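Got a few minutes to look over a protein fold? Here's a quick briefing to read with the structure open beside you.

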Amino acid sequence: MSIQIRNATIVTMCSHYPEPFQGDIIINKDRIEAIIPAQANTEYASEHAAAPGSEMEMQIIDGTGMAVMPGLINAHQHTPMNLLKGFSDDLKLMDWLEQKMFPAEARMTAEDIYWGSKLSMAEMIRSGTTTFADMYIHMDQIAHAVTETGMRASLTRGLVFGDDRADERIREAIDLVERWQGGADGRITTMFGPHAPYTCPPQQLREVIALAEQYQRPVHIHLAETVEEVSIIREKYGQTPTEYLYQLGLFEQLHVMLAHGVHLNHRDIGYLRGMRGGIVHNPVSNLKLGCGIAPIVALQQHGITVGLGTDGAGSATTLDMFAEIKAAAWLQKLDYGDPTRLSAYDALQLATIGSARLLGLDHETGTLEAGKKADLILIDLVKPHLQPVHHLYSTLAYAAVGGDVHTTIVNGQVLMRDRQLLTMDESVVLTEAHTRAKRIVEGI
Ligand SMILES: [Zn+2]
């Protein structure tokens, strides 16, 4: 199947094209075959005119009045937690985790996880996310949901230690990597996921690091999300959470994706310099839990890659990456008292190529370029809250919301067209999610 997107305003997020331009995009199977600026169109059409009788199946999407940009990449998620959205808000992180999330999660069955992840995928496709990184349990269920929905995902079995089930969990983490790396036509990749410094003692962390090195897979871990976490690690080990991971050798060879990185001092940032991977910023969750402001601009100044995520909907409540783009920009401007920090373009980069680099997928996605995977979204600009458009990057970063996404394409497959989901029955997902969510939280 080929797709031609005609007459759209193209935002490549690639340095070869600093400004948006009018043109067409040709998709051949799973990849972008060509990006054709309007003035070059006639030339391309005559060169690529189909020979008589060789006409291939071509789907035409009229991009008039629309922007087309790379699909957004949510680099830190716990998809099944969408079932717990809004059930325990306005609590401190550790109370929220221990009194609400852990008891609720203990009731979740493998089937609940499947439907919770599908609810998240419906929300993500609807709001322009094409790729996400997930850390949870029963990852087979999520891998099946990814296979069915057509999204791209980096999956991680979250590893929490402190009881006698460590070996079992590590076995599941290995199974996920062995079974699913490269699965769903290459749309699934995998990582190892020790949950956080405060849930992973040194011995187990060393074991996971050795496994990640053996399997040549990246590591996805939470880091320095709250002041409480910094105190806990200081009390236990006399170190900051970053020092703790650094001294265990986590940043020596591995590609590492660190979620949050809110509380980092100058020395911590020094430890991260030169690391492979980088930090996933989750500004809405950080704001809502009152965690603090991650030093995104400072990290970038030290050459550390930053991407963007929502964290689970259990804390962030929304999976709309456009909300994260706004929050990321606003927080840096507020923190520095300087509106020139983290521009609209910079914030859009976090959600696209920044996150792609963190997932180790920047050679395949994160920008619109011929030869890359066809992961892209069309945004309907003909709306009062998006008009007039003086600077499209400003419109997309500061005015657009997930509900403005008209079409979502992943790996050359249209997952949503004209706001209709094409790879799942939304009413079934909503019914299952509703029934299961009510049962899980009852009495907690
Ligand atoms: Zn998280």
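What follows runs from the whole chain down to single residues.

This is a predicted model, so keep that in mind throughout. The chain carries 16 helices and 17 strands. Its radius of gyration is 22 Å, close to the 22 Å the globule rule gives for 444 residues, so the chain is as compact as a globular protein of that length.

**Overall build**

- Measure along the principal axes and the C-alpha trace spans about 70 × 45 × 45 Å.
- Of the 444 residues, 52% count as buried.
- Take the contacts with a separation of 6 or more: 74% of them come from residues 24 or more positions apart.

**Two domains and where they touch**

- The domain assignment splits things into domain 1 (2-70 + 373-419) and domain 2 (72-358).
- Going by C-alpha atoms, the centres of domain 1 and domain 2 sit 30 Å apart.
- Domain 1 puts 19 residues into the contact, and domain 2 puts in 24 residues.
- On the domain 1 side, the elements giving two or more residues are α15, β15 (405-410) and β16 (413-417).
- Helix α15 gives the largest share of that side, with five residues.
- As for chemistry, the domain 1 side breaks down into 13 nonpolar residues, five polar and one charged.

**The nonpolar core**

- The largest nonpolar core has 131 residues, and those with the most contacts inside it are Ala67, Val68, Ile325, Ala328, Ile379 and Leu396.
- Helix α3 (residues 110-126) supplies the largest share of this core, eight residues.
- Both domains chip in: the core draws at least three residues from each of domain 1 (2-70 + 373-419) and domain 2 (72-358).
- Want a residue to click on? Try Ala67: setting aside neighbours within four places in sequence, Ala67 is in contact with Ala8, Thr9, Val11, Ile379, Leu381, Leu392 and Leu396.

**A look at Gln387**

- You'll find Gln387 in the loop between β14 (376-380) and α15 (392-399).
- Is Gln387 buried or exposed? Gln387 is exposed, because just 11 other C-beta atoms lie within 10 Å, and the cut-off for exposed is 12 or fewer.
- Pro18 is 369 residues away from Gln387 along the chain, and the C-alpha atoms of the two are separated by 22 Å.

Technical notes
Residues numbered from 1 in each chain as written. Predicted model: local features only at pLDDT ≥ 70, side-chain atom pairs only at ≥ 80, totals over all residues. Helix = DSSP H or I, 4+ residues; strand = E, 2+ residues; numbered from the N terminus. Buried ≥ 20, exposed ≤ 12 C-beta atoms within 10 Å, placed from the backbone. Core = buried A, V, L, I, M, F, W, Y, C linked by C-beta atoms within 7 Å. Domains from an automatic or database assignment. Contact = placed C-beta atoms within 7 Å. Nonpolar A, V, L, I, M, F, W, Y, C, P; charged D, E, K, R; others polar. Rg over C-alpha atoms; globule rule 2.2 N^0.38 Å.
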